Amino acid sequence: MEKRYLGKSGPAVSSLGLGCMGLSFGYGRVTEKAEAVALIRAAYDEGVTFFDTAEVYGPWTNEDVVGAAIAPFRDKAVLATKFGFNIVDGRQEPGLNSRPEHIRIAVEGSLKRLQTDYIDLLYQHRVDPNVPIEDVAGAVKDLIAEGKVKYFGLSEAGAATIRRAHAVQPVAAVQSEYSLWWREPETKIFPVLEELGIGFVPFSPLGKGFLTGAMTAATRLEKNDFRSTVPRFSAENRQANQPLVRRLEALAAAKGATPAQIALSWILAQKPWIVPIPGTSKQSRLRENCGAVKLRLTEQDLAAIAAVLAANPAQGARYAEAQQRLIDG
Ligand SMILES: NC(=O)c1ccc[n+]([C@@H]2O[C@H](COP(=O)([O-])OP(=O)(O)OC[C@H]3O[C@@H](n4cnc5c(N)ncnc54)[C@H](OP(=O)(O)O)[C@@H]3O)[C@@H](O)[C@H]2O)c1
């Protein structure tokens with residue numbers, strides 16, 4: 001698979017990464033460990049070298065799975081994890097915690113679970129309003145000096161926070177939601193990333209599964225499926241958003257592709273420093289998603305997609321209000 005660079009200073013990674021969260025957390029069913037390990041290794045066989053996890057996914061269990069999966073090719077992988085939620089003894093307590101001493105505890109735990117002595121890319125998962133970002137960047141800078149971390153990242157951070165952090169410790173990548181139906185980073189975040197030479201890692205690039213066309217109003221969401229709390233995934237909004245996916249399906253069919261491939265290829269076409277991290281628990285879908293790197297969208301295709309998006313604005317907020325409060329402005 002072709003490589004991309006995460007910004008001016010960041011590592012070279014496969015142009016698609018693998019989001020590992022859904023194997024253990026967030027989407028209802030938890031994939032059995034051996035099956036999850038096989039999925040991650042299958043991604044590596046497809047050319048994927050960039051793997052995304054976090055302390056909070058489980059908590060802890062997803063890092064265990066990712067560590068076990070990548071152990072045979074650790075030196076070839078670019079391993080990203082995140083700190084910043086309030087994890088105490090393996091349980092998620094309310095709120096955030098990016099106090100420097102807590103970052104260090106989180107990183108020591110991540111290193112053990114990931115079976116490694118360095119983390120390639122360490123993100124702050126959410127900006128903590130109680131800890132100045134300079135202190136967070138300083139704590140990560142110390143970990144980089146000790147060789148425990150190679151690169152610093154931020155997730156869902158606002159433009160001003162990115163600048164302040166970058167002044168203390170250069171930021172290699174920002175990870176935020178971005179897809180055909182969530183394009184907000186384009187206005188305020190992309191110009192800052194371009195100016196500072198920072199890479200961008202879109203999470204939920206398949207719209208949490210919706211943009212693939214695999215979900216309808218009738219799809220049953222388990223109670224422990226995070227999407228059951230998301231306004232955009234209410235049955236009513238899933239119904240209202242069907243015309244968007246039906247049109248994407250038609251565009252995909254005309255290209256001999258699938259809607260998931262269109263969604264990923266569209267992201268790759270936006271900037272050369274963007275690396276999406278789609279997640280799946282199924283090897284067939286993994287291969288389908290990896291196929292997106294070979295799909296070339298022409299100017300005409302991009303214009304047709306833009307017209308579909310303009311005519312079908314997404315219905316429903318992307319996060320419930322309590323979750324939205326954790327996002328940095
Ligand atoms: N920084 C953050 O705050 C944050 C937040 C959310 C996620 N993330 C990261 O971003 C990664 C990806 O985001 P995400 O998992 O939320 O969303 P996503 O990649 O947009 O979508 C994942 C969903 O799409 C389904 N899917 C994947 N490929 C498919 C295909 N070809 N056809 C049909 N359905 C398909 C998956 O179901 P199956 O498993 O059934 O295939 C899963 O339910 C996560 O794994 C995580 O590492 C980060």
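**Exercise 1. Find the ring under the charged end of Arg-74.**

Solution. The charged end of Arg-74 sits over the ring of Tyr-118. The distance to the ring centre is 4.0 Å. Keep in mind that this is a predicted model.

**Exercise 2. State how many aromatic pairs the structure holds, then classify the pair Tyr-178 and Phe-190.**

Solution. Step 1: count. The structure holds 12 aromatic pairs.
Step 2: take the two ring values. For Tyr-178 and Phe-190, the centres are 5.1 Å apart and the planes stand at 65°.
Step 3: compare with the cut-offs. Centres must lie within 6.5 Å, and planes over 60 degrees apart count as edge-to-face. The angle is 65°, so this pair is edge-to-face.
Step 4: locate the residues. Tyr-178 is in the loop between strand E10 (171-177) and helix H6 (185-196). Phe-190 is in helix H6, and the two are 12 residues apart.
Step 5: check exposure. Both Tyr-178 and Phe-190 are buried.

**Exercise 3. Describe the surroundings of Trp-181.**

Solution. Step 1: find the ring partner. Trp-181 pairs edge-to-face with Phe-233, at 5.9 Å centre to centre and 90° between the planes.
Step 2: place both residues. Trp-181 is in the loop between E10 and H6. Phe-233 is in the loop between strand E11 (199-203) and helix H7 (235-240). They are 52 residues apart and link distant parts of the chain.
Step 3: check exposure. Trp-181 and Phe-233 are buried.
Step 4: look for a charge. Arg-232 lies over the face of Trp-181, 4.8 Å from the ring centre.

**Exercise 4. Name the residues that form one aromatic cluster with Tyr-178.**

Solution. The cluster joins Tyr-178 with Phe-190, Phe-200, Trp-266 and Trp-273.

Conventions: Residues numbered from 1 in each chain as written. Predicted model: local features only at pLDDT ≥ 70, side-chain atom pairs only at ≥ 80, totals over all residues. Heavy atoms only, no water. Phe/Tyr/Trp six-rings, centres within 6.5 Å; stacked < 30°, edge-to-face > 60°. Helix = DSSP H or I, 4+ residues; strand = E, 2+ residues; numbered from the N terminus. Buried < 20%, exposed > 50% of the residue type's maximum accessible area, 1.4 Å probe, protein only. Lys NZ or Arg CZ within 6 Å of the ring centre and 35° of its normal.
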